[in-house]
Amino acid sequence: YKSKGGILMQEKTLSSSQVNKYGFYLLTSSLAAMVQMTYLTIFMTDMIGIPAAIVATTLLIARFIDLIIGILCGGIIEKVHLPWGKYRSWLLLLRWVIVFSLVCSFFDTSAWPLAFRVGVSFIGYILLNACMSFTTNAYYALGPALAGANLNDRNRLSARGAQFMCVAMLITSAATIPLVTFLTPYTGPANAYLAVAVVFALPYILGCQMVSDLCRECDPSGKRGEQGAGVSTVTLKDMIQSVVQNKQLLILFLSYTIYYIGLYTISGLGTYYFTYIVGNYMNMSYSMTVTMITGFLSSLIMPKLGGKLGKKRSFVLALIIYAAAYACVYFIGGNWILFTLMGAIGGGAVYMFTGFGVNYFVDCGEYHLYKTGKDTRMIAIAMYSVPMKIGMMLGGAVATYGLAMIGYHAGITVTPEFQTDFMILLAVIPAVLVLIGALIMQFGYKITDEDAAMYAAENAKRAKGE
């Protein structure tokens, strides 16, 4: 160890090649997921003719089921030991199902009965997100296994992953709508979405294979005596207690959840904003591209600022800036250039803390292990994706039920009253939610970066019997 600013640090051990290969997975997984995440709702309402209220109910049920799977998947991964490694196996097996799920999500069922259209979309959504729960949590568990107790390397892996995710979002934002527009005369609009979704999903097969090969030697088999890992003694009761009794994990979980509800409310309404308030769908591609370019630049710069501020202060400050930016959106109406500017400011700020990524939850897992002696770090890691799922479920419900409540239907003529109500949904409600998340983190979260380094080091010593 060496001392840096009062924090115990370890010398870097992972090569740049290892860090890049690990992070590349998040580029491919984000490419695979982003088309569904961004365009599924408007595909269901405007491409295959499902009423907004039915879309809202369908996705709410699907997201609730996905949430339950997300909560349970950490325990399942912890208990089930498959032939190709405790974590790698999930990546190798489920990548094929994820590609198939996108075929279901964007399959043109417009000529079929309503129940069939709803059912196919429901299956596609569940398959993609449930499988992603397992593969993503397995991937995040491989990070600490690859880096060991070295917090520098853990942060390097997380920051590089955030940068690769930003590249993926840049690609999808710049290319999706132009590609759909280009293909539509040849395939029809629905099949154009399908073709683009599948093309973006195919690199995921390579991403899973790459991280699997990288982590072949560090993936614990779960068998005593191999890789220094013993068989897990964590019970179902331990899993529940690891969340309920870990107050720091609960605070972190709540802050993240409220932030994501606000984020996915905005995300769920973006396509409608450009289609109906701006009146030019293609401008969405320009706006997203600019936002992603500034986001990518922020992903190179802001994590360095975050490193100086520390995890907690980075999180709180970023959310305050994000909330302020979207509060301003309420006043801009259909001015998509100002909308883009506010999105760039808010989106750039979050890279102060997204570079730390899953390490917030790893810190809570190390904290619980240090305090109780029970290793439920995999459960803590699994909690990282759950706030996102709750955010997608509730934020998506706010967006789609909100649209139904203010009288939206496909092809609506926008009135001043509709626009005012829409801007409250798009800007005011998310801004308030994000600000609440920042306040909860500020006054409730107590784990310092110095504490996190000490917990990881002591837990590593205990694992070696020192």
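This is a short talk through some helices, helix pairs and single residues in the structure above.

Okay, hi everyone. Before anything else, please keep in mind that this is a predicted model.

Let's start with helix H6, which runs over residues 189-201 and has 13 residues. From its first C-alpha to its last, H6 reaches 19 Å, close to the 18 Å expected at 1.5 Å a residue. Now look at which residues of H6 are buried: they are Ala190, Ala192, Tyr193, Leu194, Val196, Ala197, Phe200 and Ala201. And what covers them? The cover includes helix H1 (16-47), helix H3 (88-105), helix H5 (151-187) and helix H7 (203-214).

H5 turns up again, so let's stay with it. One residue in H5 is Ile177. Buried or exposed, would you say, for Ile177? Ile177 is buried, because its relative accessibility is 3% and the cut-off for buried is under 20%. If you skip its neighbours within four places in sequence, Ile177 is in contact with Tyr39, Tyr281, Met282, Met284 and Ser285. For a sense of distance, take Val316, which is 139 residues from Ile177 along the chain: the two C-alpha atoms are separated by 34 Å.

H5 also packs with helix H14, residues 359-372. Their axes are 11 Å apart and the angle is about 150 degrees, so H5 is roughly antiparallel to H14. If you want to find the meeting point on screen, look for Arg154, Asn155 and Ser158 on the H5 side, and Asn359, Val362 and Glu366 on the H14 side.

Next pair: H2 and H4. Helix H4 covers residues 114-147, and its axis comes within 9 Å of the axis of H2, crossing at roughly 25 degrees. That makes H2 roughly parallel to H4, and the crossing is right-handed. Zoom in on Thr58, which sits in H2, residues 52-79. Thr58 is buried, with a relative accessible area of 7%. Setting aside neighbours within four places in sequence, Thr58 touches Met44, Val118 and Phe122.

Third pair: helix H9, residues 247-278, with H10. These two pack at about 130 degrees, with axes 9 Å apart. What do we call that angle? H9 is oblique to H10, because an angle has to be over 145 degrees to count as roughly antiparallel. This crossing is right-handed too. From H9, the residues Gly270, Thr271, Phe274 and Val278 meet Asn283, Met284 and Ser287 of H10.

While we're on H10, which spans residues 282-309, have a look at Leu305. Leu305 counts as partly exposed, at 34% relative accessibility. Its C-alpha is 19 Å from that of Ile293, twelve residues away along the chain.

Last topic: cysteines. A disulfide is a covalent bond between the sulfur atoms of two cysteines. How many disulfides are counted here? The count is zero. Take Cys364, which is in no disulfide: the nearest cysteine sulfur belongs to Cys73 and is 17 Å away, while a disulfide needs the two sulfurs within 2.5 Å. Cys364 is also buried, at 0% relative accessibility. Cys166 is another buried cysteine, with a relative accessible area of 0%.

That's my tour. If you'd like one thing to try on screen, go back to H5 and find Ile177, then pick out its contacts, including Tyr39 and Met284. Thanks, everyone!

Note on methods. Residues are numbered from 1 along each chain as its sequence is written. This is a predicted model: local features need pLDDT of at least 70, side-chain atom pairs count only at pLDDT 80 or more; totals for chains, interfaces and linings use all residues. Side-chain values use heavy atoms; hydrogens and water are left out. Helices (H or I, at least four residues) and strands (E, at least two) are DSSP runs, numbered from the N terminus. The expected span of a helix is 1.5 Å times one less than its number of residues. Buried means under 20% relative accessible area, exposed over 50%, partly exposed in between (1.4 Å probe, protein chains only). Contact means heavy atoms within 4.5 Å. Axes are lines fitted to C-alpha atoms, for helices over the stretch in contact, and angles run from 0 to 180 degrees between N-to-C directions. Angles under 35 degrees count as roughly parallel, over 145 as roughly antiparallel, 65 to 115 as roughly perpendicular and the rest as oblique. A crossing is left-handed if the near helix is turned anticlockwise from the far one by less than a right angle, and right-handed if clockwise.
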